[in-house]
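Thanks for coming, everyone. I have one structure to walk through today. Please look at it while I talk.

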Amino acid sequence: MRASVAVVGPYAADMTVYFYAILFTRYPEVRGLFPDNLDVQRDRLLRGLLRIVDLVDDPENLIRFCGRLGRDHRKFGALDGHYPAVGECLLASLARYAGPAWSPELAAAWTHGYDVVAQVMTHAAGEDARTAPAVWEAEIIHHLHRGHGIAEITVRPDAPYPYTAGQYASVETPWHPKAWRYYSPAHAPRPDNTVTFHVRAVAQGQVSQGLVYSAKPGDVVRLGPTQGDMTLDPRTDRDLVCVAGGTGMAPIKALVEDAVRIGAERYVDVFVGARTAEELYGLDDMLRMSQRHHWLSVRAAVSHERIAGLEGTLPRVLNEFGPWYRHEAFLSGPVDMVTQASAALARQGIPQERIHFDPFDVPALEAALLPRRLRERPEG
């Protein structure tokens, strides 16, 4: 299966276009489950496919990943009957772009693999439906512009919204139905059930642009179930090193709040990176928090501006402190920052299983395979 993915890799973009084309032609009734613009959806298909293949020899994590996918797909309105249609068109797409490499044995392996994935997803969705809604309606109760195209948005879900600090949530707006985007709560769970997101308006980002510039109190968005493994393990009190850039500060701030709540005896070092001092988003909030907790240290790193005491890339600044080999690491922010910081910490001796970051923070085609590649060949 991995070999076949490598074969179709150069044609991945064309393959996903073909997949959706034949899916909607053969099964037009499923078109309504997807947004009008499929660009992001195509990337997510590749991400999921790569992740499944990467876990094919890790049954425990494969089942956990597929179970989470099944629960999350409830928000799309996915039904058990949709899975055979998707499997049929996925295999047809792989066969077309694998060319001569496609064989009866490979087809049988993919058929079996997809059947297992579908069974796990449908079972997880069914179990989840017993106890949780597919989506939560959430009213915007506070909207604050923080500058640089960033807004702080607080919502009140219509029912208890369970999540763990460090996880991320999918959000759908009324302006672009079925276009779900992922944002991290910027705090640990609150008693009043409200949730605050920090959203940056990105170029061509219809959902983020709407949330930052059009949303107002009284508007209602929808939340899907939370996902992500970038959470604290309550069974350990290992010290933490955290790296944040831009709105990637949100889950890092949530993790620090969670450390306060747990009350474990651990030290936490937070590094905030940006190109310029003006872009050091969230630094003041973290510095104020560090004044209340002696175990929390906060440092900034600015890569494109000469400022005494702050100048330097994050990998360079990380190398100046430490050692980190006994720490647990949590990274959130721009792709380049996460990958470079991860490699720097790995070189300092932190095992890859103790370096945590969300798969959505890396390019779609690299998301599933990046951890393995970093283990095999750290980049500079």
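**Walking through the model**

Let me start with Gln-227, which is buried, at a relative accessible area of 7%. That value is under the 20% limit, so the residue counts as buried. Keep in mind that this is a predicted model. Where does Gln-227 sit? It is in the loop that runs between strand 6 (220–223) and strand 7 (240–245). So here we have a loop residue that is nevertheless buried. For a sense of distance, take Glu-279, which is 52 residues from Gln-227 along the chain. Their C-alpha atoms are separated by 28 Å.

A second distance. Leu-345 belongs to helix 11 (residues 335–347). Is Leu-345 buried or exposed? Buried, with a relative accessible area of 0%. Leu-345 and Gly-210 are 135 residues apart along the chain, and 37 Å separates their C-alpha atoms.

Next, the annotated regions. Both come from UniProt, from an unreviewed entry. The record gives "domain: Globin" for residues 1–126. What is the secondary structure over residues 1–126? The chain there is 73% helix and 0% strand. The end C-alpha atoms of that stretch are 28 Å apart. The other annotation is "domain: FAD-binding FR-type", listed for residues 133–233. Over residues 133–233, helix accounts for 9% and strand for 37%. The end C-alpha atoms of this stretch are 27 Å apart.

Now cavities. How many cavities of 30 Å³ or more does a search of the whole structure find? Three. The largest has a volume of about 60 Å³. Its lining consists of Ile-140, Ile-153, Val-155, Val-171, Tyr-183, Phe-197, Val-199, Leu-211 and Val-221. Which elements give two or more residues to that lining? Strand 2 (150–157) and strand 5 (195–200). By residue type, the lining of the largest cavity splits into nine nonpolar, no polar and no charged.

On to the rings. The structure holds 11 aromatic pairs. I will show two of them. A pair of aromatic rings is described by the distance of the centres and the angle of the planes.

The pair of Tyr-11 and Tyr-97 is tilted, at 6.4 Å centre to centre and 35° between the planes. Which parts of the chain does this pair link? Distant ones. Tyr-11 is in the loop between helix 1 (2–8) and helix 2 (12–26), while Tyr-97 is in helix 5 (residues 82–98). They are 86 residues apart. Tyr-11 is partly exposed, with a relative accessible area of 40%.

The other pair is Phe-271 with Phe-321. This one is tilted, with 5.9 Å between centres and 55° between planes. Why tilted? Because 55° falls between the 30 and 60 degree cut-offs. Again the pair links distant parts of the chain, 50 residues apart. Phe-271 is in strand 8 (residues 268–274). Phe-321 is in the loop between helix 10 (314–320) and strand 10 (328–332). What about accessibility? Phe-271 counts as buried, at 1%, whereas Phe-321 is partly exposed, at 32%.

There is also an aromatic cluster, formed by Phe-19, Tyr-20, Phe-24 and Phe-34.

Charges over rings come next. The charged end of Arg-96 sits over the ring of Tyr-18, 4.5 Å from its centre. Lys-75 lies over the face of Trp-180, at 4.8 Å from the ring centre.

Last topic, backbone angles. Most residues other than glycine have a negative phi. Here are two with a positive value. Lys-178 has a phi near 70°. Where is Lys-178 found? In the loop between strand 3 (169–172) and strand 4 (181–183). Lys-178 is partly exposed, with a relative accessible area of 32%.

Gln-204 has a phi near 65°. This residue lies in the loop between strand 5 and helix 7 (206–214). Is Gln-204 buried or exposed? Exposed, at 78% relative accessibility. That is over the 50% limit, so the label follows.

One look back at where we began. Gln-204 is an exposed glutamine, and Gln-227 is a buried one. Both are in loops.

Definitions and conventions. Residues numbered from 1 in each chain as written. Predicted model: local features only at pLDDT ≥ 70, side-chain atom pairs only at ≥ 80, totals over all residues. Heavy atoms only, no water. 1 Å grid on protein atoms, 1.4 Å probe; cavity = no way out; pocket = protein on both sides within 12 Å on 5 of 7 lines; lining within 4 Å. Points joined across faces, edges and corners; volume = space filled by probe spheres on them. Helix = DSSP H or I, 4+ residues; strand = E, 2+ residues; numbered from the N terminus. Nonpolar A, V, L, I, M, F, W, Y, C, P; charged D, E, K, R; others polar. UniProt positions renumbered as here; feature names shortened; annotations may be inferred. Phe/Tyr/Trp six-rings, centres within 6.5 Å; stacked < 30°, edge-to-face > 60°. Buried < 20%, exposed > 50% of the residue type's maximum accessible area, 1.4 Å probe, protein only. Lys NZ or Arg CZ within 6 Å of the ring centre and 35° of its normal.
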